[in-house]
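Reader: I would like a close look at one part of this model. Pick a spot and take me through it step by step. Give me every cut-off as you go.

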Amino acid sequence: EEILSRYFPGALVVPFDTAAAGTFLAAETTPLWVGLLQGVGTVSFSVSGGSAQLCFDASELCAISATPGESWRFGQQDDGTCAFMRSPEGGNPYVVGPKGSCHASIRPATEQTDLTLPYKARTYRGGILRLRAAPGTGRIHVIHQLGIDDFMRGLSEVPESWPMAAIEAQVVTSRSKALWHALQRGGGQFL
């Protein structure tokens, strides 16, 4: 409050569902789409802590369940469709389940499910990994679709040693900036 009144006289802090009432930010539980990888030929991923559903979004077909410890790939096949491929340790990847459009997703089945992208050396919990065809290239974009609170948990803009008031101000600033950018881009766009 002190920082606001000093640097932004007359500004108010209100819940985002009040400030963004009637927009996709208030209506959707996971409104943010954060780009992770762009234009990769094949996406490698693994699942730990719980299972995940591997889905083709156009048909809403979730025919494959990935279990902890399994390594997977997703990519375009010779016939132009895309497929999920199991990658056994020391073996060659093989297609599992049906092939489909290159608009797909990896959907955690539990809150404890972690999805790891080895290329980024990162693990993601919460939200859905979306796989999208890069127009005209046969390559794949990877997007993390998540809620605002999950997005905020992943930020660490200031050291924990800073005074609590400074950390709280940074949280308000970061949240406001993320929501402003999301509103500017509209639903289903990358941050």
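Author: Burial first. Buried means under 20% relative accessible area, exposed means over 50%, and partly exposed lies in between, using a 1.4 Å probe and protein chains only. The model is predicted, so local features need pLDDT of at least 70 and side-chain atom pairs pLDDT 80 or more, while totals for chains, interfaces and linings use all residues. Residues are numbered from 1 along each chain as its sequence is written, and side-chain values use heavy atoms, without hydrogens or water.

The part I pick is Arg107 and its acidic partners. Arg107 sits in strand 8 (residues 104-108). Its surroundings are a protein chain with five helices and 12 strands (DSSP runs numbered from the N terminus, helices being H or I of at least four residues and strands E of at least two). Of the chain's 191 residues, 36% count as buried.

Arg107 is part of that buried share. At 18% relative accessibility, Arg107 counts as buried. Its partners come through salt bridges (a side-chain nitrogen of Lys or Arg within 4 Å of a carboxyl oxygen of Asp or Glu). The whole structure holds seven of them.

Take Asp57. Asp57 and Arg107 form a salt bridge, with the closest N and O atoms 3.0 Å apart. Asp57 lies in the loop between strand 3 (52-56) and strand 4 (61-66), so this pair ties together parts 50 residues apart in sequence. Both Asp57 and Arg107 are buried.

Now the second partner, Glu60. Arg107 also forms a salt bridge with Glu60, and here the closest N and O atoms are 3.4 Å apart. Glu60 lies in the loop between strand 3 and strand 4, so the link to strand 8 spans 47 residues in sequence. Is Glu60 buried or exposed? Glu60 counts as exposed, because its relative accessibility is 51%. Its backbone deserves a check too. Strand 3 and strand 4 form a hairpin with four residues between them, and Glu60 in the turn has a positive phi of about 55 degrees.

Another bridge sits elsewhere. Asp79 forms a salt bridge with Lys99, the closest N and O atoms being 3.6 Å apart. Asp79 is in the loop between strand 5 (71-76) and strand 6 (82-86), and Lys99 is in the loop between strand 7 (94-95) and strand 8, 20 residues away. Lys99 is partly exposed, at a relative accessible area of 42%. Back at Arg107, shared partners join Asp57, Glu60, Arg107, Arg130 and Arg132 into one salt-bridge network.

Next, the strands around that network. Strand 3 and strand 8 pair antiparallel over five bridges (pairing requires at least two DSSP bridges between the two strands). Across this pair, Phe56 stands opposite Ala104 in strand 8. On the hairpin side, four bridges join strand 3 to the antiparallel strand 4. Leu54 faces Ile64 in strand 4, and Ala52 stands opposite Ala66 in strand 4. Strand 3 is mostly covered, with four of its five residues buried.

These strands belong to an open sheet of six, ordered 1-12-11-8-3-4, with antiparallel pairing. Strand 1 (32-40) and strand 4 are at the edges with a single partner each, so one side of each has no neighbour in the sheet.

A second open sheet also has six antiparallel strands, in the order 7-6-5-2-9-10. Its edge strands are strand 7 and strand 10 (122-125), each pairing on one side only. Within it, strand 2 (residues 42-48) runs antiparallel to strand 5 and is joined to it by five bridges. Thr42 stands opposite Gly75 in strand 5.

Last, the nonpolar side. A nonpolar core is a set of buried Ala, Val, Leu, Ile, Met, Phe, Trp, Tyr and Cys residues joined through side-chain atoms within 4.5 Å. The largest has 25 residues, and Phe74, Phe84, Ile106, Leu117 and Leu131 have the most contacts inside it. Beyond its neighbours within four places in sequence, Leu131 is in contact with residues including Phe74, Phe84, Ala104 and Ile106 (contact means heavy atoms within 4.5 Å). Another core of nine residues lies apart, among them Leu32, Leu146, Met152 and Ala182. Chain-wide, 55% of contacts between residues at least 6 apart in sequence join residues at least 24 apart.
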